[in-house]
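Colleague: I should like to learn how to read a model of this kind, feature by feature. May we begin with the structure in view?

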Amino acid sequence: MTRGIETALSRRAGTGGLTAVGLVLALAGPALAQGKPYAGVTIDILTRPGPVIAQRMVERGVEFTELTGAEVRVHEVPFAELFQKLLTDWATGTNSIDVGVFQSGWGVELQAAGLLENLDPYIERDDKLDLQDIAPYFREYNQKIAGSTYQLTIDGDFHMVYYRRDVLEALGLQPPTTWEEYLAVAEATNGLDHNGDGTPDYGSCIFKKRNAQSYFAVQSIAASFVQTQGTGQGIYFDLETMEPMINNEAWITAFEIYKKTGDYGPPDEVNQDIGDTRAVVQAGRCALAIDWGDIGPLSIDPSGEAIRDKMGAVMLPGSTRVLDWETGQLVDCTPEICPHAINGVNHAPFAAFGGWSGGVNAAADELTRQASYDFLSYMNQAAQSNVDVTIGWTGYNPYRNSQLENLDPWVAAGFSPEFAENYLGAIKASLNHPNMASDLRIPGAQQYTGVVLDRELSRFLAGEITAEQAVANIEEGWEEITEDFGRDEQLEIYRASLGITN
Amino acid sequence: MASAMDQGTVRPGSRIPAETAIHRPLRVRLAEWLDGQSRQLFIMPAVVLILIFSIFPLVASLVLAFSRLRLTGNMRFVGFDNFEKQIFGSEQFHFLGTFGEISVAGWVLIVAAGAAILWWLLAYARSGFTWVGFIGRLITAALGFGLAMLLGATLLSGQPFGTLGVTLFYVFVGCAFQFAIGLGLAFLCAQPIRGRTFFRVVFFLPLMITPIGVGYAFRMMADTTKGPLAPAWQWLGLGDFAWAADPWAARVFIVVGDSWQWIPFIFVVLLAALENIPRDFVEAGEGDGASRWQIFREITWPQIMPVAATVLLIRMIEAFKIVDLPNIMTSGGPGIATESMTLHAFFSWRALDLGEASAVAYLLLFVTVVVCVSFFNLVVLKRVRTA
């Protein structure tokens, strides 16, 4: 035989062998998966672009497939289009998505339309979830709608203030406990060199870009001026009439404080979103910052070398003057007016964004619904989540008591014991505070805050309008949305979202 | 038996005399009928596709523009409410602008524009008057006067204008700038200079880059604190200048990015037009001792004017739809200073306010159609006829 024929024959044999192996695997695959409960089931998840939030689900999905046989597919869309795509898919009956992982407040509108699966029966059968370990705020407010659980948390969101321990110590300054102190510290530290590169740095770094996250930051400031009576009071609407509680001195003051922080920040801060601001913080250029819990894990990330073991965290500052809901004016705190004050300062840690949580499509078939719940439970269980929240790039922030009590996973991840204690202490203080302020969780929430509030705030920051004009415009815009959705329905859902049942 | 067509006594598609038709089989009559309709039948699939993908969405969005729709609830007809909200209601500041006291300069512009438009209409009424032409000019005049009022009441009176004004800025200022630069580059590359083929390729490249890439690239380059050009900005003393925080600087930067992308389009079309000018005309002018400027004004420009007017029209139609660059570079900020009408509609759509999004889209369609059809009839056709 010629060499050419020999080569061709051996190549054929090799190809034939590979084909045989492939056939065997293809036939044996299902047989191998036969013992797994969800063999043949596919779970399609829709969420924001990774790596934040999405990538960890991809990785845990591979583990879940090993354990159960279900295939987990994570689909990503831009954050600003996430709710729209999810709602369109479920409301039109397309149902290509089985699990939505979204801002927890959006669940209310989905549940009102009957699109979300009630998870209570699944939780009752679940002996691995350990529901009571989930911090009360997330367990009772974020996961529940009208008394039943419809979502499982995978990321606990609220704002804190971060500060450079070394910079403040060098100037003999204390972490701020009020917003006046925040501005004073920002002014004192602005223009100094915080990272040793010879260029002046900033006193405060807070994202201010329109259509990004700026409207969360202003609410973090406003909450402590507006809410004094506990989470059930809320910061947005009158609890009897659904009239907006925004055209008042409290919100005007918050707008002005937020704008003032820009005097001590990067010159293009008005065009910086959270990614830009975090980059500036990680470069060691900010003495103070407002952010979700991510700054902690980001400081032990390789790209956070400039701030490794130099950051501190503290509960959001508060105010000694708070809103009188009758007159719309600020009044001094007293034990009666501010029952939850600490040293005369009313704090209202704002659960900005509420956190990312997963909900199951009520129209999926029974096996897929069960598999979907089991995957969300797997993500939520302490065995997985307690590790995930220590890794900065996941975007997952703590929400379980066990994540806050045990320092070991954090130290193992690279936190110094001192910073771990400081960071977790700030989170605990915030999560356990009885006056924690909830993000808006009613139908049209995105229109109220993400569109109207965000746009007027942006116009105010650009100098187009005054703070008084801004809040008046927001009031008008909110009333239009409320009328559009139906005032009575909105009031009922708003009250339910604050745990008010009668 | 040979048919009347075979015998050459009947033209295809023409009616067959009744007495002849009666005696011909149905199959034959059907075949002849189909032959007669063949033109329509061949283009029908394309027409149906166009109808499905353009007319149906137009009608559906028109219905949405007159409704309030909730994906989780019902849809109710609200008449002109969505439009009224943009022009007279709570969104007036967003769409038209903020109105206050009109300045002297504003009044001068409004009165001058009104007088000029009246004179133009009267001049038309006195020459070659047709009702169709007059009604068309009336619509153009109404929009023109409306825009003059808007300009006088907002920009010239120190008040911010809304997404309509921002869009018109991108269209008129942007297209004028792009036309001037594109024509200049085309003129240069039409000269017998070394490396002109290389320059032609290089000048054409930006048109092939995705607008999102252009947006991010320019945003990066404009960043004065970090990014590839930050050292250059700081060396120029602009290290603290926040272009994104100043409305006009932000608008200018977006026009710069848009121009970088679209000048190649104007360049390549005008270059083709310039190269098609018969060489004899230019040589004749040179032989008569005309200067370069005289040659351009008397020979070159009249030759390329029809093409120039057409390319400008095409560019304007596209410019009205600008959305990528303001979205990427500034998200429509600072405030709403760089938000175009398409971006306005996009934000509304994203917030699931489909009624408002459709209403803004239809307002944009109205403005685009009136401006572009007016330009076409009054400028392009005139140039084509006189060329």
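Modeller: Helices (H or I, at least four residues) and strands (E, at least two) are DSSP runs, numbered from the N terminus. By that rule chain A has 20 helices and 15 strands, while chain B has 17 helices and two strands. This is a predicted model, in which local features need pLDDT of at least 70 and side-chain atom pairs count only at pLDDT 80 or more, whereas totals for chains, interfaces and linings use all residues. Residues are numbered from 1 along each chain as its sequence is written, and chains are lettered from A and ligands numbered from 1 in the order in which they are written.

Colleague: Is chain A compact or spread out for its length?

Modeller: The radius of gyration is taken over C-alpha atoms, and the globule rule is 2.2 Å times the number of residues to the power 0.38. For the 502 residues of chain A the rule gives 23 Å; the radius of gyration is 25 Å, close to that value, so chain A is as compact as a globular protein of that length. Its C-alpha trace spans about 95 × 60 × 45 Å along the principal axes.

Colleague: What does the rule say of chain B?

Modeller: For 387 residues the rule gives 21 Å, and the radius of gyration of chain B, 27 Å, is well over this, so chain B is more spread out than a compact globule. The C-alpha atoms of chain B fill a box of roughly 95 × 75 × 50 Å along the principal axes.

Colleague: What percentage of the residues of each chain is buried?

Modeller: A residue is buried if 20 or more other C-beta atoms lie within 10 Å of its own, exposed if 12 or fewer, and partly exposed in between, with C-beta atoms placed from the backbone. Of the 502 residues of chain A, 53% are buried; in chain B the share is 30% of 387 residues.

Colleague: Which strand of chain A is largely enclosed by the rest of the structure?

Modeller: Consider strand S7 (residues 160-164) of chain A: five of its five residues are buried, so S7(A) is largely enclosed by the rest of the structure. Met160(A), Tyr162(A) and Arg164(A) lie on one side, Val161(A) and Tyr163(A) on the other, and both faces are covered.

Colleague: Which strands are joined to S7(A) by bridges?

Modeller: Two strands pair if DSSP finds at least two bridges between them. Four bridges join S7(A) to strand S9 (residues 286-291) of chain A in an antiparallel arrangement, with Tyr162(A) partnered by Ala289(A). Five bridges join S7(A) to strand S10 (residues 311-315) of chain A, also antiparallel. There, Met160(A) is partnered by Met315(A) and Val161(A) by Val314(A). S10(A) is itself mostly covered, with four of its five residues buried.

Colleague: How many residues of chain A are in contact with chain B?

Modeller: Two residues are in contact if their C-beta atoms, placed from the backbone, lie within 7 Å. By this test 32 residues of chain A touch 27 residues of chain B. The elements of chain A that give two or more residues to this side are helix H3 (79-91), helix H4 (107-112), helix H18 (445-461) and helix H19 (467-485). The largest share, eight residues, comes from H18(A).
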